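Welcome to this guided tour! Open your viewer, get comfortable with rotating and selecting, and follow along one stop at a time.

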Amino acid sequence: RFNRWQVGDVGGGLRGAVATESIKEGSVMVSAPKDAVISCREADACPLPKSFIDPAYWDSMAKKWEMRMALLLLYEKQLGPESKWATYFDVLPSSFGLPLTFSDEELRQLQFSPFIS
């Protein structure tokens, strides 16, 4: 659910969050049911089976949420259709490129001035 904003044109050919009304500091901008979100926090105990990862290793990654998230995603992905997130994985691209590896022509096609020399 989105509150007081929408995705729209932010100028320069870019899209982003655009306020649809005045927003007070501390306002909730986006909300979703907890069971509809893949997340990990520093204080979270290891949610993965010991056969997949040693809980001590999970704990050692407390300050590295991106590593914890990668582990969660890898675990869920390897479950295949048994994963709660299988339909999400099904719509993800099997490969993708990064601007660092794009040709000059591909960068021009992005029409994003920081990438165009």
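Among contacts in the protein chain between residues at least 6 apart in sequence, what percentage join residues at least 24 apart? The share is 33%. Keep in mind as you look around that this is a predicted model.

**Stop 1: the whole chain**

Show the protein chain as a cartoon. You should find 4 helices and 2 strands, and walking along the sequence gives the pattern β-β-α-α-α-α. The radius of gyration is 19 Å, well over the 13 Å that the globule rule gives for 117 residues, so the chain is more spread out than a compact globule. Turn the model about: the C-alpha atoms fill a box of roughly 50 × 45 × 30 Å along the principal axes.

Now switch on the surface. The accessible surface comes to about 9400 Å², and carbon and sulfur atoms account for 57% of that area. Of the 117 residues, 17% count as buried. If you colour by charge, look for 13 positive and 15 negative side chains; the centres of these two sets lie 7 Å apart.

**Stop 2: the core**

In soluble globular proteins, nonpolar side chains tend to be buried together. To see such a group here, select Cys 40, Leu 48, Ile 53, Trp 58, Met 69, Leu 71, Leu 72 and Tyr 75 and show their side chains. These 8 residues make up the largest nonpolar core of the model. Which helix gives the most to this core? Helix H2, residues 65–78, does, with 4 residues.

Stay with Cys 40 and look at what surrounds this residue. Leaving aside neighbours within four places in sequence, Cys 40 is in contact with Trp 58, Trp 65, Arg 68, Met 69 and Leu 72.

**Stop 3: Ala 43**

Next, select Ala 43, in the loop between strand E2 (14–19) and helix H1 (55–60). Is Ala 43 buried or exposed? Ala 43 is exposed, with a relative accessible area of 77%. Add Ala 62 to your selection: the two residues are 19 apart along the chain, and their C-alpha atoms are separated by 7.2 Å.

**Stop 4: Ala 86**

Move along to Ala 86, which is found in helix H3. Ala 86 is buried because its relative accessible area, 11%, falls under the 20% cut-off. Not counting residues up to four places away in sequence, Ala 86 touches Gly 80 and Pro 81. Now select Met 67 as well. Ala 86 and Met 67 are 19 residues apart along the chain, with 20 Å between their C-alpha atoms.

**Stop 5: Leu 100**

For the final stop, pick Leu 100, in the loop between helix H3 (86–91) and helix H4 (104–110). Leu 100 counts as exposed because its relative accessible area of 80% is over the 50% cut-off. Draw a line from Leu 100 to Val 37, C-alpha to C-alpha: these residues are 63 apart in sequence and 30 Å apart in space.

Conventions
Residues numbered from 1 in each chain as written. Predicted model: local features only at pLDDT ≥ 70, side-chain atom pairs only at ≥ 80, totals over all residues. Heavy atoms only, no water. Core = buried A, V, L, I, M, F, W, Y, C linked by side-chain atoms within 4.5 Å. Buried < 20%, exposed > 50% of the residue type's maximum accessible area, 1.4 Å probe, protein only. Contact = heavy atoms within 4.5 Å. Rg over C-alpha atoms; globule rule 2.2 N^0.38 Å. Areas by Shrake-Rupley, 256 points an atom, 1.4 Å probe, with all protein chains shown as cover. Lys, Arg positive; Asp, Glu negative; His and termini not counted. Charge placed at Lys NZ, Arg CZ, Asp CG, Glu CD.
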